[in-house]
Amino acid sequence: MHEIRTGFGDVLKRQLELAERNYELLADHGVRAVNVMGAIGSGKTTLILRLAERLRARGLRVGAIAGDVAGDDDFKKFQAAGLPSALINTEDQCHLDPHRVRHALQEFPLAEVDVLFVENVGNLVCPADFPLGCEQEVVVISVTEGDDMVRKHPKIFAQTDVVTINKLDLAEVVGVNPQRLVEDYRRVNPHGRVVLTDAKSGRGVEELLSALGLAE
Amino acid sequence: MHEYSLAHSLLQGLLEHLEREPVSGRVRKVHVRQGELLILSQQALKEAWHILTERTPLAGSELEIERVEVRVRCRSCGYRGPVPRVEGEGWHFQAPVLSCPRCGGRVEIEEGRELAIIALTVEEAPAGEVDPCDS
């Protein structure tokens, strides 16, 4: 037996290169993109719709890409709201990857939007490993997932600089203290920004826009 | 849950590499570095490798996975090195704190997010033996 050293093939570096090409494509069109991650049912779609309303009220043009394993429910919501939108069905892949997003971007009317939300597949694990080339990333947690979510998945939170704790109106009903989530997040990511929201009533949405650098 | 797609990327990369730079003999071990920030099951990655390499020249080879801890570079004070971890009851991983341990500044990750093949262990075929893959 003998050992041969090789210096090739970091497969994640390859993902990063693809993501950088997406970043450049978006920048060429002056589009600011946000990768919205979070568990199934955390409220990603509703939050995107609320953020879009406020941005449009400021005269900005907003688009959305819906990433789902299958089905077009979220895509239809974006369409109904009048947002230029696209659908990526990952066919059972548990996350969006930069290659699929690239194809969607190539078809997308990028010249018609200023801000683009990319809603990732509902999953708090896998999307963390795949950069998409968006300038901002946000993880949405809802209080209904329990106040130990950050402890259970510290890796995604340590690497994401904006977190929103959603469905704040239900915290009391489900007996969850949102402050525990906030404190846990600050421990793994002292530089991150955390915003408490209730997408249904619109509470905290303005603050979230500002955390994402989209408030100006 | 994305071990198959990553194992597939590793395999494609290695097969292409071996086409350009063939080795004499059978590859027995494939040494991989895995950054600790990746949310991957090593067991699932090994199983995926076992299944995906069937009927390829790499059939029978095994992944040897080395876990790489996070190392950062501070954007403010220039510190380079490891970071402290959050530990305690209820924390399911020893999560690295992505902040400078010296000045508290923002950091860039230098190591801890990679998944790369770094070496191969090759068993030379004894003289005269026919490689079953060539027949």
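I looked up how helix 1 (residues 11-28) and helix 4 (residues 98-107) of chain A meet in this predicted model, and found that their axes come within 9 Å and cross at roughly 25°. Helices here are DSSP runs of H or I of at least four residues, and strands are runs of E of at least two, numbered from the N terminus. Axes are lines fitted to C-alpha atoms, for helices over the stretch in contact, and angles run from 0 to 180 degrees between N-to-C directions. I noted that helix 1 and helix 4 of chain A are therefore roughly parallel to each other, a label for angles under 35 degrees.

I then listed the contact (heavy atoms within 4.5 Å): helix 1 of chain A brings residues including A:Gln15, A:Leu18 and A:Leu25, and helix 4 of chain A brings, among them, A:Pro98, A:Val101 and A:Leu105.

Next I turned to the largest pocket, an open set of points on a 1 Å grid over the protein atoms alone, where a 1.4 Å probe fits, with protein on both sides within 12 Å along at least five of seven lines. Its volume, the space filled by probe spheres set on the points, is about 1300 Å³. Of the 38 residues that line the pocket, having an atom within 4 Å of a point, the closest to its centre include A:Leu16, A:Glu137 and B:Arg113. Helix 1 of chain A gives the largest share of the lining, six residues, while strand 7 (107-111) of chain B is one of the elements that each supply at least two.

For my records, residues are numbered from 1 along each chain as its sequence is written, and chains are lettered from A in the order in which they are written. Local features need pLDDT of at least 70, side-chain atom pairs count only at pLDDT 80 or more, totals for chains, interfaces and linings use all residues, and side-chain values use heavy atoms, without hydrogens and water.

How values were computed: Parallel < 35°, antiparallel > 145°, perpendicular 65-115°, else oblique.
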